[in-house]
Amino acid sequence: MYNSKCAPSTLAGREKMIMAGGRQHNLDAGWRFDNTYGGLPEAFYARLDPVPVRSPKLVVFNTALAQSLGLRPDMLDGDEGAAVFSGNKIPEGAAPLAQAYAGHQFGSFTMLGDGRAILLGEQAAPNGERFDVQYKGSGRTPFSRNGDGRAALGPMMREYIISEAMHALGIPTTRCLAVVTTGETVFRETVLAGAILTRTARSHIRVGTFEYALARGKSSEIRALADYTIRRHFPDSAAEENPYPALLEAVMERQASLTAHWQMVGFIHGVMNTDNMSICGETIDYGPCAFMDAYDPNTVFSSIDHNGRYAYGRQPQIAQWNLARFAETLLPLIHKDPQDAVSMASEAIKRFPDTFHYHWITGMRAKLGLFNQEPDDSALAEDLLDCMHRHGADFINTFRDLSSGSLPESAFFQTMDFQQWFARWRARLKRQPDSRDASLRLMRSRNPAVVPRNHLVEEALEAVVERADYSVMEKLLGFLSQPYQDPPEQAGCHLPAPPSAQPYQTFCGT
Ligand code: AMP
Ligand code: MG
């Protein structure tokens, strides 16, 4: 059994207990694991199994995602699913490990690692793609520091809801395959129900994984990680004479595109530390993230982000800052002369604002129904946002209303400010050959009607956590799965938060 040769000496006692239990899940549920991460130098991970839990119960299972991964939902429901998605049983072919990484957290460098996560391996999906399958909340690891290695039900369900919403919005994201409750409690400010979430991702390679390699100071390890990343995510870069500047460019492209996607829907990640930036450009780590209601670039929800480092309007700058940290790790690979390496990397990083702006204006043109390009389009988009900011207009609903073809008689749309902008926009629409209907269709496909508004997410979580009632969440997930369709008026899920739900705060204590 693979476990016996994988048990790290630091956890030998616990491993013996685990192995005695016969933990392999070998019903043919469709698991097809490859374990390439374990081929990296040993410093990049610690091999260990998840810590078993007392009485797991499967509370959410993402059937559509399971099927797309080639898994058989009928083999993964009930007690069997509970055993597998709690880590009490390990799927055949998995080679569990906790990944090592570092990160700049609010600007300060720290050594980190999976303190409460275990990577099972990479599932080969029927479409030829591969996805990491990772438990989150699965017990202590050598990287847990003072943490308990566990997670609470509320935050895991929050990650489930918001990541599914992001996926339906068409934004690259990690996803959730299942959530189990553990039958154990976790201690935060109060006693909470414990849970484990199974997360899928194109990979869990972070900017912080590269920073970890740099901090260890072994160039062979940085090169191994960079080569692995190129093989896994950016095979085109391998064909370049020097693949490493190409890797930097490719990562920049993904990060710029991702950040622009966030801006289009008012998503505030909330904790864009470098350890929470996935190299392949997926949204990862749904901690204190939230969606903006009234448009205000200074919006911050996280209770610990006192200086607004991760405010909505700063996300592009922070993505650039994080990318600079990534570039630093590649310097010796970019050029053997340190000065040449620095100037090549700096030139690349300086292009980030233009790369971001390209994605931003492409997205904004679609949000405004524009097919062709005019030099003043950025000013047109920015002037609308400024006008919304001055009047506290709702971000999502303003764009959706503009997409409807007939504006509602709200106070905002009556303002002189808006009317002047509206006249400019209408004149601009006439300067393209496409029909008004084509514009409205484009707009309705880019301006969502439903996003996981904070008060709706809270309502759904309260029902789950306080009353074990999953129906509110299921209904919400139904609307979120079709964000570009107007929900029935009476559903109310398109309405901004009532004043009683403001101001909204999110917490990292997940
Ligand atoms: P995050 O804020 O989720 O990005 O996590 C930052 C670091 O703290 C990562 O190394 C996590 O693995 C670790 N961490 C978060 N929560 C816990 C926990 N309950 N127990 C152990 N480590 C944790
Ligand atoms: Mg994290």
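Which helices and strands are among what covers the buried residues of H6? This note starts there and then moves through the rest of the model, which is predicted.

1. **Helix H6 and its cover.** Strand S7 (102–105), strand S8 (108–111), helix H7 (219–233) and helix H10 (315–334) are among the elements that cover the buried residues of H6. H6 spans residues 207–216, and 7 of its 10 residues are buried, so the helix is largely enclosed by the rest of the structure. The buried residues are Val207, Gly208, Thr209, Phe210, Glu211, Tyr212 and Ala213. Look at what follows the helix. Gly217 comes after H6 and has a positive phi, near 80°.

2. **Ile279, a buried loop residue.** Ile279 sits in the loop between strand S14 (267–268) and strand S15 (290–291). Is Ile279 buried or exposed? Its relative accessible area is 0%, so Ile279 is buried, the cut-off being under 20%. Now check its contacts, leaving aside neighbours within four places in sequence. Ile279 touches Ile205, Arg206, Val207, Phe210, Thr229, Phe234, Val251, Gln255 and Phe326. Val207 and Phe210 are also among the buried residues of H6. Take Gln255 as one example. Along the chain, Gln255 and Ile279 are 24 residues apart, and 7.9 Å separates their C-alpha atoms.

3. **The magnesium ion.** Which residues coordinate the magnesium ion (ligand 2)? Asn276 does so through OD1, and Asp285 through OD, at 1.9 to 2.2 Å. Asn276 is buried, with a relative accessibility of 6%. Asp285 also counts as buried, at 18%.

4. **Strand S10 and its partners.** S10 covers residues 130–136. Of its 7 residues, 6 are buried, so the rest of the structure largely encloses this strand. S10 pairs with strand S9 (residues 117–124) in the antiparallel sense, over 7 bridges. S9 and S10 make a hairpin, with 5 residues between them. In the turn, Gly128 has a positive phi of about 90°. S10 is also joined to strand S13 (residues 191–201) by 5 bridges, again antiparallel. Follow Asp132 to see both pairings. Asp132 is the bridge partner of Glu122, and Asp132 also stands opposite Ala201 in S13.

5. **Cysteines.** How many disulfides does the structure hold? The count is 0. Cys176 is in no disulfide, and the nearest cysteine sulfur, that of Cys289, is 11 Å away. A disulfide would need the two sulfur atoms within 2.5 Å. Cys176 is buried, with a relative accessible area of 1%. Cys387 is buried too, with a value of 1%.

6. **Domains.** The protein chain is divided into domain 1 (2–207), domain 2 (217–360) and domain 3 (361–393 + 404–446). Note that domain 3 is given as two segments. The centres of domain 2 and domain 3, taken over C-alpha atoms, are 30 Å apart. Their contact takes 10 residues from domain 2 and 13 residues from domain 3.

7. **The area between domains 2 and 3.** About 1000 Å² is buried between domain 2 and domain 3. Carbon and sulfur atoms give 61% of that area. Which three residues supply more than any other three of the area that domain 2 buries against domain 3? They are Met264, Tyr295 and Trp360, with 65%.

Conventions. Residues numbered from 1 in each chain as written. Chains lettered and ligands numbered in written order. Predicted model: local features only at pLDDT ≥ 70, side-chain atom pairs only at ≥ 80, totals over all residues. Heavy atoms only, no water. Donors = N, O, S within 2.8 Å, 3.2 Å for Na, K, Ca; no water. Buried < 20%, exposed > 50% of the residue type's maximum accessible area, 1.4 Å probe, protein only. Helix = DSSP H or I, 4+ residues; strand = E, 2+ residues; numbered from the N terminus. Pairing = 2+ DSSP bridges. Domains from an automatic or database assignment. Contact = heavy atoms within 4.5 Å. Buried area = accessible area lost by both parts, 1.4 Å probe.
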